[in-house]
Amino acid sequence: MATPLTTNTAQDDADPRTLLTKDAFKQDFLDNLFYIQGKFPALATRNDYYQALAYTVRDRMLRCWISTAATYTTLGSRTVAYFSAEFLMGPHLGNNLVNLGIYDDVKQAITELGLDFDLLVRQEYEPGLGNGGLGRLAACFIDSLATLEIPSLGYGIRYEFGIFHQEIVDGWQKERTDKWLSFGNPWEILRSEWAVEVKLGGYTEQYKDEHDRLRIRWVPQNRVVGVPYDTLIPGYRNNTANTLRLWKSEAPESFDFSVFNRGDYYGAVNQKVASENLSKVLYPNDEQVQGKELRLQQQYFFVSCSLQDMLRILRVQKIPVEKFHEKFAAQLNDTHPAIAVAELMRLLVDEYVVPWEKAWTITCKTFAYTNHTLLPEALECWPLSLFGRILPRHLQIIYEINARFLDEIRIRFFGEEDRLARMSLIDERGERYVRMAHLACVGSHAINGVAELHSELLKRDVLHDFYQMWPEKFGNKTNGVTPRRWMVLSNPRLTKLISENIGEHWIKDLGELTKLQPLAEDAGFRERWRAVKLACKQDFAVLARERAGVVIDPQSLFDVQVKRIHEYKRQHLNILHVIALYHRLRSNPQADMIPRTFIFGGKAAPGYHIAKLIIKLITSVGDVVNRDPAVRDRIKVVFLPNFNVTNGQRIYPAAELSEQISTAGKEASGTGNMKFSMNGALTIGTMDGANVEIRQEVGPENFFLFGLTTDEIDVLRARGYRPSDYLQGELKEVIDLVRSGFFSRGDPDTFRPLIDGLVWHDPYLVFADFAAYSECQQRVSDAYRDVEHWTRMSILNAARSAKFSSDRTIREYTADIWKAPAVPVRLLSQTEVKGGFMQ
């Protein structure tokens with residue numbers, strides 16, 4: 001382990017706790033086991049060893065982190081503040097070792113101590129602080145920001161309980177509490193001294209200050225304290241370590257002695273319980289009013305904490321508040337943090353007495369808004385009564401913003417009263433609502449979608465009026481994923497093969513992968529490529545047996561669809577095709593069919609019954625198919641429970657066919673499609689989201705395209721879509737088989753809601769696309785028979801995936817929206833670090 005972390009690490013002056021020699025690492029590991037865990041080897045558990053290892057790695061990150069903070073503070077660097085309700089980070093240990101460049105050396109050191117390194121890595125409990133693509137995107141972005149040396153802060157919520165742990169019981173999804181903090185989190189650092197107060201409820205009143213100015217005072221009903229926990233985010237093999245700052249809610253007073261002394265023992269801690277609810281769980285079920293209230297309170301809580309923290313940083317760096325927008329570029333990751341527009345106005349106008357016009361200029365120049373959805377129901381709207389009860393001052397501010405905005409519309413679009421109603425921040429139809437996406441559009445200087453098609457559909461449909469008013473605000477930033485986690489960490493065999501042939505620079509510049517293209521014609525390289533894929537499939541086969549109890553053949557085609565379960569993602573289209581194949585084999589046992597393993601994974605929202613029913617159908621079909629000797633193992637179905645980052649790291653490298661089959665015009669981008677492609681899987685997909693750009697990049701001949709386009713769907717709907725018109729031939733046989741109770745132990749009612757919904761409504765055109773999907777799957781089978789040709793296509797998918805690195809995405813955000821230059825960090829000497837340079 002003699003290789004230095006970076007080229008300018010001052011090893012001669014280094015603290016023993018940060019030395020990178022093997023002996024120093026071992027000693028620090030044993031010291032942390034003793035001094036932090038309070039254990040010696042004879043009594044230490046696997047978790048003790050994991051914690052000691054995590055702290056030992058963190059020790060080697062802290063000097064970079066402190067040097068980074070000192071550099072940003074001294075220079076007053078322009079900083080990106082990334083606001084996201086989700087950060088689905090995945091396990092930290094492996095990723096940090098990769099970025100520090102010491103993975104193999106640490107593995108060797110731990111092995112020499114007689115410990116199983118891989119077991120310790122698997123010991124880490126994944127923090128489930130996200131629901132899916134949105135949170136994972138945020139995690140990839142902050143990795144790229146650090147790697148590209150862009151000063152940045154990620155702001156979110158430290159949920160005590162993350163996305164639920166999914167178990168499959170009798171084929172049904174069951175939700176279990178995600179207790180990711182049960183054994184502590186060695187990667188975070190508590191910053192109690194930077195806690196802030198957040199107000200909720202109450203009323204407002206006018207008053208005159210000492211300068212005889214008329215002002216507004218918010219008199220809250222409740223107050224909570226936001227306490228920051230910092231997580232270090234290291235860049236790849238550089239000196240930068242940025243910060244992810246997550247907020248925990250606490251009560252101002254956790255115990256009321258006066259109430260306790262009156263004998264009300266439960267009442268003495270009521271405020272603590274109520275306050276801590278704000279950061280208790282990711283996305284409470286908002287079917288009830290209480291759930292809606294808590295969700296709005298959560299969103300406001302982390303936004304207010306974060307903006308107050310940014311103002312604190314201004315004070316520390318002695319930057320006037322009028323230059324807030326020069327210091328910070330704040331990105332709103334979807335509509336969840338959109339209340340930040342009103343909150344920054346409140347802080348500037350009410351707390352800092354900035355005139356309204358000046359405050360509004362600062363606000364608009366600070367924020368940019370990323371839209372992540374084309375589904376109207378996902379564009380958050382809050383009932384006016386609920387909003388006013390929780391945030392009375394913000395409702396006043398929104399009314400004022402809206403009044404001024406509507407005046408602009410009246411002048412710009414004279415006489416168009418309908419436009420006023422469509423664009424207003426308040427939906428006046430029936431029960432009145434605050435439209436958060438509209439607030440984000442009005443209060444931001446830039447608005448972007450996350451794939452070329454998505455951005456065009458935003459301009460054409462969802463945000464058309466805003467595009468007509470401010471076309472200069474709109475742009476596209478196609479999503480990307482970090483190759484450090486999704487290739488280097490997840491697929492070390494492939495990483496080794498690539499690096500041996502083209503060097504290691506591709507890890508920071510994915511464009512280097514184009515050098516693989518000539519190797520697609522090298523028979524020896526193709527053979528090694530197949531060997532890597534087979535080894536990954538063999539690893540996954542072990543996992544499938546352990547977690548799902550299904551024995552699968554690594555020589556079969558691994559056909560994979562893993563993502564959140566939703567009707568528009570059309571997992572039911574996939575399983576209906578599986579049933580069709582099964583029906584063919586049962587009807588003609590001699591049919592020529594390549595062996596396939598269909599792999600599913602994903603969670604359904606707890607209140608989404610149809611999505612849960614889709615899971616039940618997948619598992620029920622698997623129960624029948626997997627034990628039917630008539631299909632002779634030519635079809636297997638696996639539903640892998642609890643799909644998360646950890647499981648994704650095992651699945652993506654093993655996949656050969658990536659199912660990206662959402663209804664055209666419904667998926668904003670998708671990022672799983674990119675992870676599959678980077679790892680050499682071929683895509684079967686519609687012209688939806690980033691599929692369009694993946695097909696452009698890898699070449700139409702290396703992509704299996706099917707299905708209606710957005711324009712064709714519009715024509716079909718205008719003509720009047722009747723799904724029953726498509727219910728004939730093989731599709732009818734499939735539906736009849738499900739209806740008969742064949743997959744539900746003879747009960748015809750189990751899947752009736754799902755099947756009736758398809759037959760009579762089919763909002764996502766499953767029936768309309770079934771025949772094209774089935775025909776395309778036959779093309780997949782034909783292609784898979786030609787092993788050499790399939791391998792060429794696999795190599796070219798990886799070789800042409802450069803566009804889908806989050807590094808490219810962040811470079812575009814930085815150049816076009818944030819205007820935040822890179823700031824290389826000089827690693828401070830121990831003398832400088834201990835001399836008080838930290839803010």
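**Entry 1: a loop residue**

I began with Leu 374, which I found in the loop between β12 (367–370) and β13 (381–383). I note at the outset that this is a predicted model, and I read every value below as computed from it. Is Leu 374 buried or exposed? With a relative accessible area of 8%, Leu 374 counts as buried, because the cut-off for that class is under 20%.

I then looked up what surrounds this residue. Leaving aside neighbours within four places in sequence, Leu 374 is in contact with His 454, Leu 457, Leu 458, Val 462, Gly 665 and Lys 666. For one of these partners, Val 462, I also took the C-alpha to C-alpha separation, which is 6.7 Å in space although the two residues are 88 apart in sequence.

**Entry 2: the second largest pocket**

Val 462 came up again when I turned to the pockets, since it is among the residues nearest the centre of the second largest one, together with Pro 376, Leu 379, Asp 461 and Leu 463. The lining of this pocket numbers 37 residues, and the space inside comes to about 790 Å³. Which element gives the most to this lining? It is α15, with five residues, while the elements that supply at least two residues each also include α14 (392–412), α17 (452–462) and α27 (710–719). Sorted by class, the lining holds 16 nonpolar, six polar and 15 charged residues.

**Entry 3: the cavities**

I next listed the enclosed spaces and found six cavities of 30 Å³ or more. I examined the second largest cavity, which holds about 130 Å³ of space and is lined by 16 residues, with Met 89, Asn 95, Asp 143, Ile 233 and Arg 485 lying nearest its centre. The elements giving two or more residues to this lining are α3 (93–100), α6 (133–147) and β9 (222–234), and α6 gives the most, with four. By class, I recorded seven nonpolar, six polar and three charged residues in the lining of this cavity.

**Entry 4: salt bridges**

Strand β9 led me to Asp 230, whose side chain meets that of Arg 191 in a salt bridge with an N to O distance of 3.7 Å. Asp 230 lies in β9 and Arg 191 in the loop between β5 (188–190) and β6 (196–200), so the pair ties together parts that are 39 residues apart in sequence. I checked the accessibility of both partners: Asp 230 is buried at a relative accessible area of 0%, and Arg 191 is buried as well, at 16%.

For a second pair I took Arg 530 and Glu 788, whose side chains meet in a salt bridge at 3.2 Å, N to O. Arg 530 belongs to helix α21 (residues 523–548) and Glu 788 to helix α31 (residues 787–799), so this pair ties together parts that are 258 residues apart in sequence. Arg 530 is partly exposed, at 25% relative accessible area, and Glu 788 is likewise partly exposed, at 28%.

The third pair I looked up was Arg 752 with Asp 749, where the closest N and O atoms are 2.5 Å apart. Here Arg 752 is partly exposed at 39% and Asp 749 is partly exposed at 44%. I also noted that salt bridges sharing partners join Arg 191, Asp 230, Arg 245, Asp 309 and Arg 312 into one network. A search of the whole structure gives 64 salt bridges.

**Entry 5: cores and a covered helix**

Which residues of the largest nonpolar core touch the most other members? Of its 119 residues, they are Phe 83, Leu 307, Phe 387 and Trp 818, and helix α9 (residues 289–316) provides the largest share of this core, with 12 residues. Apart from it lies another core of 67 residues, including Leu 617, Ile 618, Ile 635 and Phe 639.

I followed Leu 307 further and, not counting residues up to four places away in sequence, found that it touches Phe 83, Phe 324, Ala 340, Glu 343, Leu 344, Leu 347 and Phe 367. Ala 340, Glu 343, Leu 344 and Leu 347 are among the buried residues of α11, a helix spanning residues 340–351 that is mostly covered, with 11 of its 12 residues buried. The buried residues of α11 also include Arg 346 and Asp 350. Just after this helix, I noted that Val 353 takes a positive phi of about 55°.

Technical notes
Residues are numbered from 1 along each chain as its sequence is written. This is a predicted model: local features need pLDDT of at least 70, side-chain atom pairs count only at pLDDT 80 or more; totals for chains, interfaces and linings use all residues. Side-chain values use heavy atoms; hydrogens and water are left out. A nonpolar core is a set of buried Ala, Val, Leu, Ile, Met, Phe, Trp, Tyr and Cys residues joined through side-chain atoms within 4.5 Å. Buried means under 20% relative accessible area, exposed over 50%, partly exposed in between (1.4 Å probe, protein chains only). Contact means heavy atoms within 4.5 Å. On a 1 Å grid over the protein atoms alone, a cavity is a set of points where a 1.4 Å probe fits but cannot get out, and a pocket is an open set with protein on both sides within 12 Å along at least five of seven lines; lining residues have an atom within 4 Å of a point. Grid points are joined across faces, edges and corners, and a volume is the space filled by probe spheres set on the points. Ala, Val, Leu, Ile, Met, Phe, Trp, Tyr, Cys and Pro count as nonpolar, Asp, Glu, Lys and Arg as charged, and the others, Gly among them, as polar. A salt bridge is a side-chain nitrogen of Lys or Arg within 4 Å of a carboxyl oxygen of Asp or Glu.
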